[in-house]
Amino acid sequence: MGVCGVLIYCADHTCSHSISIMADRFADEVRLSDLEPRLLCSACGNRGADVRPSFNWHPKGPIGGMGYR
Ligand SMILES: [Zn+2]
């Protein structure tokens with residue numbers, strides 16, 4: 001799919017915790033929508049998350065900063 005990583009946002013918008021992870025740790029048959037209800041926020045412990053593909057993944061971290069799209 002051309003997706004190298006995913007961004008995961010906490011479902012609780014008052015928490016707004018987010019992480020980015022490598023997508024290749026998931027098997028091909030795993031759908032991101034299946035993962036969402038299983039995820040636990042490591043910051044607030046809330047279950048559920050928004051998972052979005054990250055097409056501009058850089059393993060060493062974002063280069064352009066927050067303004068980069
Ligand atoms: Zn959270």
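**Note on the predicted model**

1. Glu-36 has 15 other C-beta atoms within 10 Å and is therefore partly exposed: the count falls between the limit of 12 or fewer for an exposed residue and that of 20 or more for a buried one. The model is a predicted one. Glu-36 sits in the loop that runs between α1 and β3.

2. Which residues does Glu-36 contact, once its neighbours within four places in sequence are left aside? They are Gly-48, Ala-49, Asp-50 and Val-51. For Asp-50, the C-alpha atom is 6.2 Å from that of Glu-36, with the two positions 14 residues apart in sequence terms. Strand β3 covers residues 49–54, so Ala-49, Asp-50 and Val-51 are contacts of Glu-36 that fall inside a strand as DSSP runs define it.

3. Leu-32 belongs to helix α1, which spans residues 32–35. Leu-32 is also partly exposed, because 16 other C-beta atoms lie within 10 Å. Neighbours within four places in sequence aside, the contacts of Leu-32 are Val-6 and Val-51. Val-51 is also listed among the contacts of Glu-36. Between Leu-32 and Pro-53 the C-alpha separation is 8.6 Å, at a distance of 21 residues along the chain.

4. Overall layout. The chain holds one helix and three strands, and in sequence order the pattern is β-β-α-β. The strands form an open sheet in the order β2-β1-β3, with antiparallel pairing. Strands β2 and β3 are the edges, each pairing on one side only. From one strand to the next the twist averages 25 degrees. As general background, strands of a sheet pair through backbone hydrogen bonds, either parallel or antiparallel.

5. Strand pairing. How many bridges join β1 to β2, and how many join β1 to β3? Strand β1 (residues 5–10) is joined to β2 (residues 18–22) by five bridges, and the two run antiparallel. Six bridges join β1 to β3, again in an antiparallel arrangement.

6. Individual bridges. Gly-5 has Met-22 as its bridge partner in β2, and in β3 Gly-5 stands opposite Ser-54. Val-6 has Pro-53 as its bridge partner in β3. Val-6 is one of the contacts of Leu-32, and Pro-53 is the residue whose C-alpha atom lies 8.6 Å from that of Leu-32.

7. Ser-16 merits a look at the backbone. Its phi is near 55 degrees, a positive value in a residue other than glycine. Ser-16 lies in the loop between β1 and β2. Is Ser-16 buried or exposed? Ser-16 counts as exposed because it has 11 C-beta neighbours inside 10 Å, and the limit for that class is 12 or fewer.

8. Burial and contacts over the chain. Of the 69 residues, 6% count as buried. Among contacts with a separation of 6 or more, 57% are between residues 24 or more positions apart.

9. Confidence. The mean pLDDT of the chain is 78, and 70% of the residues reach 70 or more. Which elements have the lowest and the highest mean pLDDT? Helix α1 has the lowest, at 82, and β1 the highest, at 88. Where pLDDT is low, the predicted coordinates should not be read in detail.

Terms used:
Residues are numbered from 1 along each chain as its sequence is written. This is a predicted model: local features need pLDDT of at least 70, side-chain atom pairs count only at pLDDT 80 or more; totals for chains, interfaces and linings use all residues. Two strands pair if DSSP finds at least two bridges between them. Helices (H or I, at least four residues) and strands (E, at least two) are DSSP runs, numbered from the N terminus. pLDDT is the predictor's confidence in each residue, from 0 to 100. Two residues are in contact if their C-beta atoms, placed from the backbone, lie within 7 Å. Axes are lines fitted to C-alpha atoms, for helices over the stretch in contact, and angles run from 0 to 180 degrees between N-to-C directions.
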